[in-house]
Amino acid sequence: MSTATAAPSIRTGTVLADLLPASRVRDAALVVGGAALTGLAAQIAVPVPGSPVPVTGQTFAALLVGTALGARRGLLSLALYALAGLAGVPWFASGTSGVSVSFGYILGMMLASAVVGALARRGADRNVLRMAGTMVLGEAIIYAIGVPYLAYAADMSASAAIAAGLTPFLIGDAVKAALAMGAMPTAWKLADKG
């Protein structure tokens, strides 16, 4: 097969959302859609015995939103999600809204979505190993903000906050990372063929 007939590889510097025709309407729809996806995923919530923080799909959604939309749109999506939830939209975990002891995780998701979005723009979402590292970094950012906030808001010691707000979630996060490791590189392979 000659290079003239081969499908061109999508260049680094783009994220999946950039494959859609560019417009302000597109960007606004992507931001609102990313916030809505995160809100819907937050409704998948499983209580964790001994922890005020449930296992939810929202961290997975937040990291995928950042990766697929890029840093700016990902951050805006998560900021919209947070602001709407603070204003009373019941789309935080288990249909809640407002500030709770787990609000630090939402703040962490905002920063994490921007970081993973910036890495995706550099091609970190194109293969399994780089995507794994991107997801681990995103999760680490969420915990770096969420766990200290939990300790402060719930008046817990650092070790109690780690036991309640980090340790029970590590296996679930490994599963989420594995799903993303398959999903994003596969999406790029399909886009390259399209």
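## A tour from helix α3 to the largest pocket

Start by selecting leucine 86, which sits in helix α3, residues 71-86. Keep in mind along the way that this is a predicted model. Colour Leu86 by accessibility, and you will find a relative value of 38%. Leucine 86 therefore counts as partly exposed, since that class lies between the buried limit of 20% and the exposed limit of 50%.

Now add Leu83 and Val99 to the selection. Together with Leu86, they make up a nonpolar patch on the surface. The accessible area of the three residues together is about 290 Å².

Next, move on to the largest pocket, which holds about 260 Å³ of space. Which residues lie nearest its centre? Select Val53, Pro54, Thr56, Gln58 and Tyr105 to see them; the full lining has 23 residues. Two or more lining residues come from each of β2 (55-56), α2 (58-69), α4 (103-121), α5 (128-153) and α7 (170-193). Of the elements, α4 contributes the most, with 4 residues. Try colouring the lining by residue class: 12 of its residues are nonpolar, 8 are polar and 3 are charged.

Stay with helix α4 for the last stop and pick glycine 117, which lies in this helix. Is glycine 117 buried or exposed? Its relative accessible area is 0%, so glycine 117 is buried. To finish, draw a distance from the C-alpha of glycine 117 to the C-alpha of alanine 68: the two are 7.1 Å apart in space, with a separation of 49 residues in sequence.

Key. Residues numbered from 1 in each chain as written. Predicted model: local features only at pLDDT ≥ 70, side-chain atom pairs only at ≥ 80, totals over all residues. Heavy atoms only, no water. Patch = residues over 30% accessible without salt bridge, like charges linked within 9 Å, V, L, I, M, F, W, Y side chains within 5 Å. Areas by Shrake-Rupley, 256 points an atom, 1.4 Å probe, with all protein chains shown as cover. Salt bridge = Lys/Arg side-chain N within 4 Å of Asp/Glu carboxyl O. Buried < 20%, exposed > 50% of the residue type's maximum accessible area, 1.4 Å probe, protein only. 1 Å grid on protein atoms, 1.4 Å probe; cavity = no way out; pocket = protein on both sides within 12 Å on 5 of 7 lines; lining within 4 Å. Points joined across faces, edges and corners; volume = space filled by probe spheres on them. Nonpolar A, V, L, I, M, F, W, Y, C, P; charged D, E, K, R; others polar.
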